[in-house]
Amino acid sequence: MKILLTGLNHKTAPVELRERLAISPEKLADETRALLSHPGVREGMILSTCNRVELVVCYEGREPELALYLNEHFSVDAQSLEPHLYQHHETEAVRHLFRVASSLDSMVVGEPQILGQVKESYSAARSVGAVGGTLERLLQGALAAAKKVRTETQIGSSAVSIASVAVDLARKIFGSLEGKRVLLVGAGKMSELAARHLLQQGAGSLLIANRTQERAVHLARKFNGHVVRFDDLHARADEADILITSTGSTEFIFRIPHAQQFLHRRRNRPIFFIDIAVPRDVDPEINRLDGIFLYDIDDLQSVTASNLSNRTREAQQAEAILEQELVRYQRRIETLDVVPTLVDLQATAEEMRQAELRRAQSRLQSLTPAQQAAVEALTHGLMNKFLHQPLQALKAAAREGDLATVDAIRAAFRLNGSREAAAQHETENSASSSNEAELTAASDDND
Amino acid sequence: MFLLWLRVAAALYGLAAVSAFAAVLGHRPGWRRICLPVAGMAWFFHLVSSVEMLALAHRWMPVGMHEVQSMLALLITTVFLLIAVRYRTLSFGIFAVPLSFLLVLVPALGPDKYTFSSPVIRSGWLFLHITALLMAYAALLFSLCASFLYLLQERRLKDKRSPGFLDWLPPLDTMDQIAQTTLVLGFCGMTVGLMAGSLIAQESYGSAYFADPKVLLSFVMWGLYIVMLFVRRSTGLRGRRAVYLSSVVFLVMLCVWAANLFSSVHRFTAS
């Protein structure tokens, strides 16, 4: 069975095209079923996220025209689609899927969502019976590789958005955000996003102060927070542990005397100022006070950039891990290619043993049951001893891709049919990988 | 046999120190999982060794530098394990575990030849006096360490440097809590230790014991400890000033330790 991966992503296609091909999670199973019924497709899976739409299929014989499938199902004409599509075959397809699952091909390298999305697609494909032995092994390999990248590198450990950097910094100051109070001064989009992120990460409550009272009330309702009158801002700001400012003021709202008052009233408990406003709302000099931590938009962006470059460094290590995983996957596949020969060899030997036992039956009848069991064990043991070397040679040949040796062993033991026919027969019979694992285990018993 | 257990503990301390460095500075999750159990095992063997050694000697007091070092290492590890479990941070392991390893290294080579002949060493009060004071020293060491780390983290956050080689530092709030808690623990230890010591000395030497330099310095240290606790509690002192204050008390503590050389009471020669 051959593997083909076709699709487009944020690097090859604009969002206008990606959104036309996007498939909602509810429709994923139906679309996968439709893909499975496309001519030539034996197994298939669709990965659809906001940054990519990819079809992974397994086929035999003629290559399925997946562009045609996209064309028919999403009413996108072939001419506008073709320049944005990429296709990967066999090893390249495997490598690409491993990279996608490990988030090395994501817009934000190391983002954690993609692994969950691959699992969802896998689950949808399984639910409609689109996952056979080949795709099963491929996806298990991709998930294992992604897990290894996550645990052995720091690729996803640092924050790379302004909001998540703010949360990370708040954690560095306060440890847990539980019970911490956030004060939003001004109600810009960015500060709202940061506040939302802080609340999602466990911050206790939200205070909102805005020059336009209605907007403050609206936000307070939205986040279940409390409104602080703008005139009372300096009197109540010390109630908050984290202050996010984003007003349109042309002068500083918070200066050193304010911060000193806050610290005094808070008995020196730290305050974290996040100043997203341009021009700035907080006098940068207050950062010199013990217990005050001030980050403006440039500071947050420089942390983000630095974290991104860290991720890029980790990504190089992740690529090396993926190459190792790819080699491991291929070795496993090659070993599985000789499983039919291993099984044939064992079956032929067992047939010969049984035939010899039948021929000697009349002479063995005089033996006691214990003696007969001993003869049975002896012949079984001898057969395994004789088979040990050829089985080892087969496995070594599979690892090295030495198909001539496999053919020679088939010919020497007069195994029925060619290697390809045996493999074909085996593929049809083995729907699940567990079967093959058992067969491999059976052959290992002879080691 | 106690020497064998101490050697096992020393080896485990060494392994725990390596794993603490790998877990904290190298961000290795595998090492993180083994660091605490290995340190716990080292602590257990160390405890067994100490109890066996004291039981064999028919006394409850660590005698000589080797035994006191070993006891201090045991208490440092105890405080480290308590902090690691309570605050879920291994960061202090890169200081505490290597220190414990170094402290038990010489005692693990062989027993100290220096012994006391005074019958006072069989007194339970003396055991309480020494253990409580050693616990206070260990706690103060951690408090100072937490204050220093607080300062480092504070500088790092203020300088707005991105996470780098100091990324392992625990959050400010955690270090503040550790500094405060160990300070209180140390104060309790010091109070109990001084009270027990005063009782023994009053009994053995009369009121003259108070003129002993080590005794005097100990009470100065106790007074400073109260001042430090009061200032930290009332003003919420953190960062630079907290480090200055802890450093002064720590220096006095070192002087108290060194004052053994001039103390007749602590050499049991006054009577």
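Helix α4 of chain B, in this predicted model, covers residues 93-109 and so counts 17 residues, a helix being a DSSP run of H or I with at least four residues, just as a strand is a run of E with at least two, both numbered from the N terminus. From first C-alpha to last, α4(B) reaches 24 Å, close to the 24 Å expected at 1.5 Å a residue; the expected span is 1.5 Å times one less than the number of residues. As to what is read here, residues are numbered from 1 along each chain as its sequence is written, while chains are lettered from A and ligands numbered from 1 in the order in which they are written. Because the model is predicted, local features need pLDDT of at least 70 and side-chain atom pairs count only at pLDDT 80 or more, whereas totals for chains, interfaces and linings use all residues.

Several residues of α4(B) are buried, including Gly93(B), Val97(B), Phe101(B), Val104(B) and Ala108(B). Buried here stands for 20 or more other C-beta atoms within 10 Å of a residue's own (exposed is 12 or fewer, partly exposed in between), with C-beta atoms placed from the backbone. The buried residues of α4(B) pack against three helices of chain B, namely α1 (2-24), α2 (29-56) and α3 (64-87); two residues are in contact if their C-beta atoms, placed from the backbone, lie within 7 Å.

The wider setting of this helix is chain B, with eight helices and zero strands. Of its 271 residues, 44% are buried. Among contacts in chain B with a separation of 6 or more, 82% join residues 24 or more positions apart.

Chain A offers an open sheet of four strands, ordered β2-β3-β1-β4 with antiparallel pairing; strands pair if DSSP finds at least two bridges between them. Its edge strands, β2 (41-48) and β4 (86-89) of chain A, each pair on one side only. The twist from one strand to the next averages 15 degrees, angles running from 0 to 180 degrees between N-to-C directions of axes fitted to C-alpha atoms, for helices over the stretch in contact. Seven bridges link β2(A) with β3 (52-59) of chain A in the antiparallel sense, and Leu47(A) stands opposite Glu54(A) in β3(A). Helix α2 (28-36) of chain A packs on this sheet, touching β2 and β3 of chain A, and its direction makes about 145 degrees with that of β2(A).

Finally, the two chains meet in a contact that takes 21 residues from chain A and 17 residues from chain B.
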